[in-house]
Amino acid sequence: MTSASSSKRQLLLIAFLFLTPFFVAVLMRFGGWQPSTTRNFGELLQPPLSMESVTATDAQSADWPWVNVERHWTLLVQLPAVCDSACLEAAAVLPRVREALGRHVEKLHAFQQGRALGSTDGAMPSLQLSGDLPIPLTELPQSLPQIWLIDPHGYLVMRYREGFDPNGLRRDLSRLIK
């Protein structure tokens with residue numbers, strides 16, 4: 001009889017050890033706890049902004065779907081109204097950042113809002129946006145490019161402000177796409 005009682009205690013102890021982390025995680029999640037720092041280099045938009053009401057048209061006048069089943073992310077580059085040589089130099093880094101993703105490069109589509117952006121390493125196609133733009137997209141950057149990241153579900157989730165670190169962008173993209 002003591003053997004059965006001991007076995008039950010051991011089983012309860014094992015169940016307790018396995019279930020405790022789960023209950024702690026549930027309490028933390030629904031208790032509103034958030035980590036004080038994150039590992040991302042871009043600015044996370046809280047809450048993410050839906051691109052559902054935004055129509056995007058590429059250079060061939062074809063509609064660009066924000067939501068896709070292939071789990072492709074979209075990188076949208078916003079240039080200031082006047083893009084001088086420093087601005088163009090900062091934007092020229094972006095095709096190289098995309099290519100640094102290696103075999104995962106096809107999971108990221110990169111566009112420039114408005115006119116096409118050319119560089120020595122390739123060209124970034126353009127998207128014309130219309131419809132009900134989320135407020136942040138209506139504010140053009142002042143002097144350098146600004147980057148927006150749109151997830152496969154059609155939500156604007158991250159922003160890289162003027163003067164962003166291209167290596168930080170590459171690291172964030174590597175974590176998200178791979």
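Helices and strands here are DSSP runs, numbered from the N terminus. With that in hand, we can work through a few exercises on this predicted model.

**Exercise 1. Place Gln-146 in the structure, and find out whether Gln-146 is buried or exposed.**

Step 1: Start with the element. Gln-146 sits in strand 8.

Step 2: Turn to accessibility. Buried means under 20% relative accessible area. Gln-146 has a relative accessible area of 6%, so this residue is buried.

Step 3: Look at the surroundings. Not counting residues up to four places away in sequence, Gln-146 touches Leu-76, Val-77, Gln-78, Glu-139, Pro-141, Arg-159, Tyr-160 and Arg-161.

**Exercise 2. Follow one of those contacts, Tyr-160, and describe its setting.**

Step 1: Tyr-160 belongs to strand 9.

Step 2: The relative accessibility of Tyr-160 is 2%, so Tyr-160 counts as buried.

Step 3: With neighbours within four places in sequence left aside, Tyr-160 is in contact with Phe-41, Gly-42, Gln-146, Ile-147, Leu-169 and Asp-172.

Step 4: Now compare sequence with space. Tyr-160 and Trp-148 are 12 residues apart in sequence, while their C-alpha atoms are 6.3 Å apart.

**Exercise 3. Which residues have the most contacts inside the largest nonpolar core, and which elements give two or more residues to this core?**

Step 1: The largest nonpolar core holds 23 residues. Those with the most contacts inside it are Leu-75, Leu-94, Leu-108, Ile-147, Leu-149, Leus 169 and 173.

Step 2: Two or more residues come from each of these elements: strand 3 (73-78), helix 2 (85-99), strand 4 (108-113), strand 8 (146-150), strand 9 (155-160) and helix 4 (166-177).

Step 3: Helix 2 gives the largest share of this core, 5 residues.

Step 4: Take Leu-75 as an example. Leaving aside neighbours within four places in sequence, Leu-75 is in contact with Leu-108, His-109, Ala-110, Phe-111, Ile-147, Trp-148, Leu-149 and Leu-169.

Step 5: There is also a second, separate core of 14 residues, and Leu-45, Trp-66, Ile-150 and Leu-156 are included in it.

**Exercise 4. Describe how helix 2 and helix 4 pack.**

Step 1: Two packed helices are described by the angle between their axes and the distance between the axes.

Step 2: For helix 2 and helix 4, the angle is about 30° and the axes are 10 Å apart. Angles under 35 degrees count as roughly parallel, so helix 2 is roughly parallel to helix 4.

Step 3: The crossing of helix 2 past helix 4 is right-handed.

Step 4: Helix 2 makes the contact through Val-93, Leu-94 and Val-97, and helix 4 through Pro-166, Leu-169, Arg-170 and Leu-173.

Step 5: Sort these residues by type. The contact of helix 2 with helix 4 has 6 nonpolar residues, no polar ones and 1 charged.

**Exercise 5. Look at the backbone: where is the cis peptide bond, and what is phi at Ser-61 and Arg-71?**

Step 1: The peptide bond from Gln-46 to Pro-47 is cis, and its omega is near -5°. Pro-47 lies in strand 1 (residues 43-50).

Step 2: Ser-61 is not a glycine, yet its phi is positive, about 65°. Ser-61 is in the loop between strand 2 (54-58) and strand 3.

Step 3: Arg-71, also a residue other than glycine, has a positive phi near 65°. The place of Arg-71 is in the loop between strand 2 and strand 3.

Step 4: Check accessibility. Exposed means over 50% relative accessible area. Ser-61 has 60%, so Ser-61 is exposed, and Arg-71 has 62%, so Arg-71 is exposed.

**Exercise 6. Work out the settings of Thr-57 and Arg-175.**

Step 1: Thr-57 is in strand 2, and Arg-175 is in helix 4.

Step 2: Partly exposed covers the range between buried and exposed. With a relative accessible area of 21%, Thr-57 is partly exposed. Arg-175 is partly exposed with 37%.

Step 3: Thr-57 and Leu-129 are 72 residues apart in sequence and 6.7 Å apart in space, C-alpha to C-alpha. Arg-175 and Asp-63 are 112 residues apart in sequence, and 28 Å separates their C-alpha atoms.

Step 4: Beyond residues up to four places away in sequence, Thr-57 touches Ala-62, Asp-63, Ser-126, Leu-127 and Gln-128. With neighbours within four places left aside, Arg-175 is in contact with Arg-39, Asn-40 and Phe-41.

Technical notes: Residues numbered from 1 in each chain as written. Predicted model: local features only at pLDDT ≥ 70, side-chain atom pairs only at ≥ 80, totals over all residues. Heavy atoms only, no water. Core = buried A, V, L, I, M, F, W, Y, C linked by side-chain atoms within 4.5 Å. Buried < 20%, exposed > 50% of the residue type's maximum accessible area, 1.4 Å probe, protein only. Helix = DSSP H or I, 4+ residues; strand = E, 2+ residues; numbered from the N terminus. Contact = heavy atoms within 4.5 Å. Axes fitted to C-alpha atoms, helices over the stretch in contact; angles between N-to-C directions. Parallel < 35°, antiparallel > 145°, perpendicular 65-115°, else oblique. Left-handed = near helix turned anticlockwise from the far one by under 90°. Nonpolar A, V, L, I, M, F, W, Y, C, P; charged D, E, K, R; others polar.
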